[in-house]
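Visitor: I'd like to go through this one label by label and hear what stands behind each word. Where shall we begin?

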Amino acid sequence: MFQDRIVLCLFGLAWIQPFTVSLHTEHIRVKTDHVLQVIDNKFVGVTIDSSQLKYNLKYHNVSSPKLVTLGKALAPGYLRVGGTSGDFMVFDPTHNIATGQQFQLQANTWDDFNKFVHKTGLKLVLGLNLMLRDGTKWNPSNAKQLLKYSSDKGYTFAGIELGNEPNLLYRNWNTTVSDVQLGSDYKELKQVLQGTAYKSSLILGPDIAGYKDTFIKNFLSHGGASVIDVLTIHHYYFNGQTAKLEDFSKYSTMDHLISELQTVMSTVRSHHGLVAWLGETSSGYGGGTPGIGDRYVAGNLWLDKLGASAKYGLKGVLRQSLFGGYHSLLDRNNDPNPDYWLTLLYKRLVGNKVFDVPSSSNNLRLYAHCTKLNNVYNYMPGSITVYALNLNSDPVILSISDLNTKGVDTFWLTPEGGDLKSQKVQLNGKTLQLVNNQIPHMTPKALGTGTMTAPGNSFGFIVIPNANIAACRSQSHGPIIG
């Protein structure tokens with residue numbers, strides 16, 4: 001238990017002396033003698049669902065200076081456009097070729113979207129339509145047309161993938177694409193790219209829903225391993241339409257991800273040079289959880305997912321979504337939801353090298369990295385950033401041990417009004433919101449010592465600027481491609 005309750009009772013008397021509570025103190029000891037993993041500055045990215053292209057971006061004005069400002073603040077990083085609708089998308093700049101359930105990607109929509117991506121500085125990952133087929137094989141003719149048009153326009157793609165969640169195609173089609181055939185289709189994709197301006201773009205796949213061992217291994221052994229640079233899986237904790245508030249704060253839910261990450265990395269390590277990403281991920285699938293998935297409490301699962309993914313060796317995490325759905329970083333007015341601010345702080349504070357930091361309880365999640373070099377706060381090389389989640393209802397005292405705690409800063413996030421379903425988040429007690437459509441100053445709270453009280457059901461970051469850790473004085477990007 002995180003607290004000791006002492007209840008003094010005098011039997012036979014008409015009163016009971018109120019109990020006193022002594023808070024649990026967690027001594028945070030970062031194991032800085034060994035670097036567990038290395039990530040790069042593009043580790044955290046975002047996605048936009050292909051359905052936004054289907055509706056010609058009419059719900060979000062991508063030429064809006066505010067939206068560009070918010071996207072730019074998340075760079076460097078990847079922006080992946082894909083999803084179920086991507087396997088219904090066709091392209092022709094001159095006339096409509098869509099039939100049946102297909103939709104036509106309009107040339108002007110594609111142009112506007114690429115202008116937005118360029119202005120933000122994010123790196124585009126494009127999902128191509130897998131379900132354009134000649135019998136059992138992928139037909140690349142329409143993909144070639146889209147790639148040629150894009151090349152002629154000077155659009156750049158950091159990565160390209162083929163299809164979305166191929167293990168679930170049966171939900172929308174009367175046919176499926178086997179793991180073996182998908183491997184063959186990816187070999188065809190690589191051949192196509194060799195004749196284009198995108199021959200050096202990363203190839204990502206197979207973008208399956210969850211980790212399915214047999215599917216992955218068959219895909220890799222039948223061509224996939226010789227083609228892909230990044231193994232991608234999609235991860236959601238639960239059905240967003242049926243999830244409850246309490247599901248967003250359960251350590252058992254978070255731990256389920258860890259076992260999946262360990263399995264993914266076991267496969268990746270058996271293929272030299274291959275890295276793994278969560279190519280699309282959020283809390284609940286099916287568009288998120290209304291009234292919860294874009295609120296403060298969703299930060300529990302998001303921050304823990306970032307910490308666990310880095311700790312266990314993944315090299316990328318792409319958040320579904322930048323806009324659209326009940327799990328988005330931005331609302332319908334392109335104003336930041338709580339997870340936007342959380343993501344922005346992560347990208348500003350969390351650096352490349354990952355350390356182990358033990359916790360005494362499942363309800364206290366702890367992660368530690370070098371502080372990001374060249375950060376906006378001018379923290380010196382050698383600094384450490386710890387991020388923590390207190391899933392308990394009671395406060396916990398966090399005490400930094402074995403490090404120089406002179407000048408420690410905290411960036412602690414709590415829900416406005418104490419409501420876990422609040423769509424407003426406070427940083428060190430001050431509500432975060434845009435100022436004239438610009439990112440406000442997100443200033444830390446200085447601690448006189450290395451000790452702070454973390455409120456119940458809250459999370460945040462602690463920076464130890466004077467830790468002077470040798471591994472953090474210079475940070476490489478590691479063996480990361482792209």
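Guide: Let's begin with pairing: two strands count as paired if DSSP finds at least two bridges between them. Keep in mind that this is a predicted model.

Visitor: What makes β16 and β18 a pair?

Guide: The cut-off is at least two bridges, and strand β16 (residues 275-281) and β18 share three, running parallel. One bridge to look up joins W277 to its partner G316 in β18.

Visitor: And how do you know that β5 pairs with β18?

Guide: Four bridges join β5 and β18, again in the parallel sense; at least two are needed, so they count as a pair. Look for V46, which stands opposite R319 of β18.

Visitor: Which other strand pairs with β5?

Guide: Strand β6 (residues 78-82) does: its pairing with β5 (residues 44-49) is parallel and has four bridges. There, D49 sits opposite G82 in β6.

Visitor: What larger arrangement are these strands part of?

Guide: They belong to a closed barrel of eight strands, in the order β5-β6-β9-β12-β13-β14-β16-β18, with parallel pairing. From one strand to the next, the twist averages 25°.

Visitor: Why is β18 called mostly covered?

Guide: A residue is called buried when its relative accessible area is under 20%. Five of the five residues of β18 (residues 316-320) are buried.

Visitor: Which way do the residues of β18 point?

Guide: G316, L318 and Q320 point one way, V317 and R319 the other, and all of them are buried. In general, side chains in a regular strand alternate between the two faces of the sheet.

Visitor: What about β20: what is it paired with?

Guide: It has two antiparallel partners here. Strand β19 (residues 350-355) pairs with β20 over three bridges, one of them putting F355 with A368. Strand β21 (residues 384-390) pairs with β20 over seven bridges, and L366 has A388 of β21 as its bridge partner. As for cover, eight of the eight residues of β20 (residues 364-371) are buried.

Visitor: Why does N390 count as buried or exposed?

Guide: N390 belongs to strand β21. Its relative accessibility is 0%, so it counts as buried, the limit being under 20%.

Visitor: What is N390 in contact with, leaving aside its neighbours within four places in sequence?

Guide: Among its contacts are N363, L364, P395, V396 and A454, as well as P455, G456, N457 and S458. Contact here means heavy atoms within 4.5 Å. As for L366, it lies 24 residues from N390 in sequence, with 9.0 Å between their C-alpha atoms.

Visitor: Now the helices. Why are α3 and α4 called oblique?

Guide: Helix α3 (residues 107-120) and helix α4 (residues 141-153) pack at about 50°, their axes 12 Å apart. Under 35 degrees would be roughly parallel, and 65 to 115 roughly perpendicular. The angle is in neither range, and therefore the two are oblique to each other. The crossing of α3 past α4 is right-handed.

Visitor: Which residues make that contact?

Guide: From α3 come A107, W110 and D111, and from α4 come L146, Y149, S150 and K153. By class, they divide into four nonpolar, one polar and two charged.

Note on methods: Residues numbered from 1 in each chain as written. Predicted model: local features only at pLDDT ≥ 70, side-chain atom pairs only at ≥ 80, totals over all residues. Heavy atoms only, no water. Axes fitted to C-alpha atoms, helices over the stretch in contact; angles between N-to-C directions. Parallel < 35°, antiparallel > 145°, perpendicular 65-115°, else oblique. Left-handed = near helix turned anticlockwise from the far one by under 90°. Nonpolar A, V, L, I, M, F, W, Y, C, P; charged D, E, K, R; others polar. Buried < 20%, exposed > 50% of the residue type's maximum accessible area, 1.4 Å probe, protein only.
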